[in-house]
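Visitor: I have a few "how do you know that" questions about this model. Mind walking me through it?
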Amino acid sequence: MPFKTLGLADEIVQGILATGYTAPTEIQSRAIPIALSGKDIIGTARTGTGKTAAFVLPILHRLAHRTETQKKDHHIRALILTPTRELAQQIEDSITTYGRFLHPRTLAIYGGTNMQNQLRHLQRGVDIVIATPGRLLDHLQRRSVNLSKIDVLVLDEADRMFDMGFIQDVKRIVSQVSKERQTMMFSATMSKEVRDLV
């Protein structure tokens with residue numbers, strides 16, 4: 001089944017095809033149509049099976065259909081929480097690659113980098129934030145991030161966030177996100193702790 005049959009916006013299909021991918025993986029073909037319908041998703045799949053595109057492509061599709069007013073505002077529309085800076089960078093790269101014809105305003109927020117650069121990007125306006133929990137909490141305490149207009153929340157590698165001790169941070173962050181949202185959670189395993197979070 002080619003990507004264009006999933007219902008994604010033309011600009012996104014062009015971005016996918018430009019990468020050389022022609023057909024979705026199993027997790028993508030199962031998750032993307034559900035995500036496009038606006039339903040919440042819990043997905044489990046091994047690392048390397050295409051989970052990132054399974055949530056990035058529907059987020060980009062949503063951005064492709066923003067109103068002119070939404071395009072001009074400075075509100076963050078999607079938040080992707082992930083446990084490590086390496087994963088945050090990979091997700092940001094995927095968004096840039098697949099969204100090359102949409103030009104989404106994207107920012108990866110993680111520790112060990114200059115906070116002032118992140119603040120400048122946030123002040124200019126960002127559509128998608130990819131963040132590790134600790135650094136995002138720093139921004140929330142500074143009031144430099146407003147999560148009240150989030151349309152989509154993604155918890156990526158939820159099992160690893162538990163393993164790394166981030167779960168209380170994640171719960172504090174989620175409590176500040178709009179209740180009127182779509183939530184997608186992806187995990188390589190479905191442990192008791194992950195089920196409890198669900």
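Visitor: Which residues have the most contacts inside the largest nonpolar core?

Guide: Keep in mind that this is a predicted model. The residues with the most contacts there are Leu 57, Ile 80, Ile 128 and Met 184, in a core of 36 residues. At least two residues each come from α1, α2, α3, β2, α5, β4, β5 and β6. Helix α3 gives the most, with eight residues.

Visitor: What makes a set of residues a nonpolar core?

Guide: Its members must be buried residues of types such as Ala, Leu or Phe, joined through side-chain atoms within 4.5 Å. Another core, of 27 residues, lies apart from the largest one and includes Leu 79, Ala 131, Met 161 and Phe 166.

Visitor: Back to Ile 80, then. What is Ile 80 in contact with, leaving aside neighbours within four places in sequence?

Guide: Among its contacts are Phe 55, Ile 59, Ile 91, Ile 95, Ile 128 and Val 154, and Asp 156 is on the list too.

Visitor: Why is the pair of Phe 55 and Phe 186 called tilted?

Guide: Two checks. The ring centres are 5.6 Å apart, and the cut-off for a pair is within 6.5 Å, so the rings pair. The planes stand at 45 degrees; stacked needs under 30 and edge-to-face over 60, so "tilted" is what remains. The structure holds one aromatic pair, and that pair links distant parts of the chain: Phe 55 sits in helix α3 and Phe 186 in strand β6, 131 residues apart.

Visitor: How do you know whether those two rings are buried or exposed?

Guide: Buried means under 20% relative accessible area. Phe 55 comes out at 0%, and Phe 186 also has 0%, so both count as buried.

Visitor: What about Ile 32: buried or exposed?

Guide: Buried, because its relative accessible area is 0% and the limit is under 20%. Ile 32 belongs to helix α2. Beyond residues up to four places away in sequence, Ile 32 touches Leu 6, Leu 8, Ile 27, Ala 53, Ala 54, Leu 57 and Pro 58. With Ala 53, the C-alpha separation is 8.7 Å, although their positions lie 21 residues apart along the chain in numbering terms.

Visitor: What makes the phi of Arg 143 stand out?

Guide: Phi is positive there, about 65 degrees, although Arg 143 is not a glycine. Arg 143 comes just after α7, in the loop between α7 and β5.

Visitor: Why is Arg 143 called exposed?

Guide: Exposed means over 50%, and Arg 143 has 76% relative accessibility, so the label follows.

Visitor: Where does Glu 157 lie, and is it buried or exposed?

Guide: Glu 157 lies in the loop between β5 and α8. Its relative accessible area is 6%; set against the limit of under 20%, Glu 157 is therefore buried. Glu 157 also has a positive phi, near 55 degrees, and is a residue other than glycine.

Visitor: How do you know that β1 and β6 pair?

Guide: Pairing takes at least two bridges, and four join β1 to β6, which run parallel. One example is Thr 44, whose bridge partner in β6 is Ser 187.

Visitor: Why is β1 called an edge strand?

Guide: Strand β1 pairs on one side only, as does β3. The order of the open sheet is β1-β6-β5-β2-β4-β3, with parallel pairing.

Methods:
Residues numbered from 1 in each chain as written. Predicted model: local features only at pLDDT ≥ 70, side-chain atom pairs only at ≥ 80, totals over all residues. Heavy atoms only, no water. Phe/Tyr/Trp six-rings, centres within 6.5 Å; stacked < 30°, edge-to-face > 60°. Buried < 20%, exposed > 50% of the residue type's maximum accessible area, 1.4 Å probe, protein only. Contact = heavy atoms within 4.5 Å.
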